[in-house]
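User: I'm new to reading protein models, and I'd like a close look at one part of this one. Could you pick a single residue, show me its surroundings, and then step back to the rest?

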2 protein chains.
Amino acid sequence: MSIPFPIEAYLRDVSGRVDALLLQLAEKRRRGAVPRFSEAMEYALLGGGKRLRPALALASCEAFAGDVGDGGLAMRFGLSLEMIHTYSLVHDDLPCMDDDDLRRGRPTVHKRFDEATAVLVGDGLQSLAFETLLATSDPRASALAALLATAAFHMVEGQAIDIAAEGRALSEREVLELMAAKTGALIAAAVAGGAIAASGEERGMLSVGDKLGLAFQIADDLLDRTADTATLGKAAGKDVAAGKATLPALLGIEEARRRADAVCTEALAALEPLGPRAEALRALARFVVTRKR
Amino acid sequence: MSIPFPIEAYLRDVSGRVDALLLQLAEKRRRGAVPRFSEAMEYALLGGGKRLRPALALASCEAFAGDVGDGGLAMRFGLSLEMIHTYSLVHDDLPCMDDDDLRRGRPTVHKRFDEATAVLVGDGLQSLAFETLLATSDPRASALAALLATAAFHMVEGQAIDIAAEGRALSEREVLELMAAKTGALIAAAVAGGAIAASGEERGMLSVGDKLGLAFQIADDLLDRTADTATLGKAAGKDVAAGKATLPALLGIEEARRRADAVCTEALAALEPLGPRAEALRALARFVVTRKR
């Protein structure tokens, strides 16, 4: 009988380490900077969050026997992923975008501070992501920064597709394209980046990451329909109310759930040959579709 | 008798090359992307502009005998500088920031398109800057990307200082700090980056760039007071109307002009030992304070 991987403890460990390192970075920035701006930056960066992207990068790095310590390249990459992810949330929440008041159970940055500060915090976090990632002499950082830049651009394109789609029915192909760009790109980069940090090459992890990105987004869209606001820490049922183009909206809840499971199974099959070292990554792949938040 | 350096022809040559390369990049992006987003991106990127930052990077690279061709690292860096600069203009013009309707003689991006698109265009251009810069196997690209990230972050901090200062009188020290961050950082990076592209080291050009950045910003603030809207391609007299903290506002026009000249003279003195190869860079240093637009 095999003992199930302690995924919740694993995620707690990663998020504890990520939070501590981000706090260190924010504190270093605080000196000499504009108080309100630094405060808003810290507020955005340290607002909780699952830290799933750093976890995926670290687990993928572990699968290829890389350094998963706080001082290693995979963690550095994980922090930069989290900065890009956080910036995208801050900008997505803006009144001219999704106009959200609540994020991770707290007022969004433009609500807590103001719109101009939210724009600048997002802009600054994107710069800081690249600065953090490149502040090492590790020659692999450059490849990771290129990967990150491409994913970050793709993510913005996804947001643009989303805006362009407003009020228009999308085909299944279009919804898949939107999901691959908007969330898939950064998750795929996380998984591929871990392998690159460990071995200098992506080792098929870009494709595994694509699958996990898709599974993650379907699960997210399902949670929007089935979970409540308190659990999510953001407004639930918003996609439905806004008539957003999602796979559950297009195919129904049952079929969407089946798709997420199927794509997760594909990812697990691709990870199988990596053996015991990929245990955390496989557990994350399962978590992505079974999570309740 | 020495023949004056043909600075206008030099700038025309650089901007022609930069525009052609940016258009190529935009056209490559256009395929398969969201039409409105691509169009807005192109609109922002190809709206004219002096292309002063690429010119500084190329001239600095030339001063250290580097490759200043279209396929060289200095031009690649120049394009990424221009993308960061353009993104900052698009976001600075937003209603929640400076709320400008006119830029380079045309409606600003949020006026011509919409606010959400303007946010995304800025976000995407920042990613694209790093993607473009890192899409080469040249090992110096990594150092340039780190330089660019630090400058881009500094620029955002400058904008945050500017916002925080609204309605409050700044000391001379604070105004200088604001200028060094908001425009100085990217101009200093341009001059230092050219030297790094050529030789792998900044060769004292960060300090020269700091001086040119300061001279540039004083000249800009003077133009806001002395030139008209048609010449500037953006609303003239806006800083005065908004009570912005500038050196001309603090010290008067004559004293501000004297400061710009003095700091330019310092930069020229530092460039003197570089001999004839630094002729274009010295001409740019003079142009920065004597320009009429």
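Is Leu281(A) buried or exposed, and what is around it?

Analyst: Leu281(A) counts as buried, because 28 C-beta neighbours lie inside 10 Å of it and the cut-off for a buried residue is 20 or more. Keep in mind that this is a predicted model, and that each value here is computed from it.

Now find Leu281(A) in the chain: it lies in helix 14 of chain A, which runs over residues 279-290. If you set aside the neighbours within four places in sequence, Leu281(A) is in contact with Ala59(A), Ser60(A), Ala63(A) and Leu271(A). Glu62(A) shows how the chain folds back: Glu62(A) and Leu281(A) are 219 residues apart in sequence, yet their C-alpha atoms are 8.3 Å apart in space.

Let's step back to the whole of chain A. Among its contacts between residues at least 6 apart in sequence, 69% join residues at least 24 apart. Chain A has 14 helices and 2 strands, and 53% of its 293 residues count as buried. Its C-alpha trace spans about 50 × 50 × 30 Å along the principal axes. A compact globule of 293 residues would have a radius of gyration near 19 Å, and chain A has 18 Å, so the two agree.

Another residue to look up is Ala145(A). The largest nonpolar core holds 201 residues, and those touching the most other members are Ala145(A), Leu148(A), Ala215(A), Ala145(B), Leu148(B) and Ala215(B). Beyond its neighbours within four places in sequence, Ala145(A) is in contact with Phe130(A), Leu133(A) and Leu134(A), and also with Phe130(B), Leu134(B) and Ala145(B).

Those contacts with chain B bring us to the place where the chains meet. There, 36 residues of chain B are in contact with 36 residues of chain A. On the chain B side, helix 2 (35-45), helix 6 (115-134) and helix 7 (140-165) each supply at least two residues. Helix 7 of chain B gives the largest share, 15 residues. By type, this side of chain B divides into 24 nonpolar, 7 polar and 5 charged residues. The copies meet through the same surface, because 100% of the interface residues of chain B are also interface residues in chain A.

How are the two chains arranged? A rotation of 180° with 0.0 Å of shift along its axis superposes chain B on chain A, with an RMSD of 0.0 Å. That is the relation of a two-fold axis. In chain B, the C-alpha nearest this axis belongs to Ser142(B), 2.7 Å away from it.

To finish, here are some details in chain B. Helix 4 covers residues 73-92, and at 1.5 Å a residue its 20 residues should span 28 Å; the end C-alpha atoms are 28 Å apart, so the helix agrees with the expected span. Helix 4 of chain B is also mostly covered, with 20 of its 20 residues buried.

Two loop residues of chain B are worth comparing. Arg51(B) is in the loop between helix 2 and helix 3 (52-63), and its phi is near 60°, a positive value in a residue other than glycine. Asp99(B) is in the loop between helix 4 and strand 1 (102-103), and its phi, near 55°, is also a positive value in a residue other than glycine. As for their surroundings, Arg51(B) counts as buried because it has 24 C-beta neighbours inside 10 Å, whereas Asp99(B), with 13, counts as partly exposed.

Notes:
Residues numbered from 1 in each chain as written. Chains lettered and ligands numbered in written order. Predicted model: local features only at pLDDT ≥ 70, side-chain atom pairs only at ≥ 80, totals over all residues. Contact = placed C-beta atoms within 7 Å. Helix = DSSP H or I, 4+ residues; strand = E, 2+ residues; numbered from the N terminus. Nonpolar A, V, L, I, M, F, W, Y, C, P; charged D, E, K, R; others polar. Least-squares fit on C-alpha atoms with pLDDT ≥ 70 in both. Rg over C-alpha atoms; globule rule 2.2 N^0.38 Å. Buried ≥ 20, exposed ≤ 12 C-beta atoms within 10 Å, placed from the backbone. Expected span 1.5 Å × (residues − 1). Core = buried A, V, L, I, M, F, W, Y, C linked by C-beta atoms within 7 Å.
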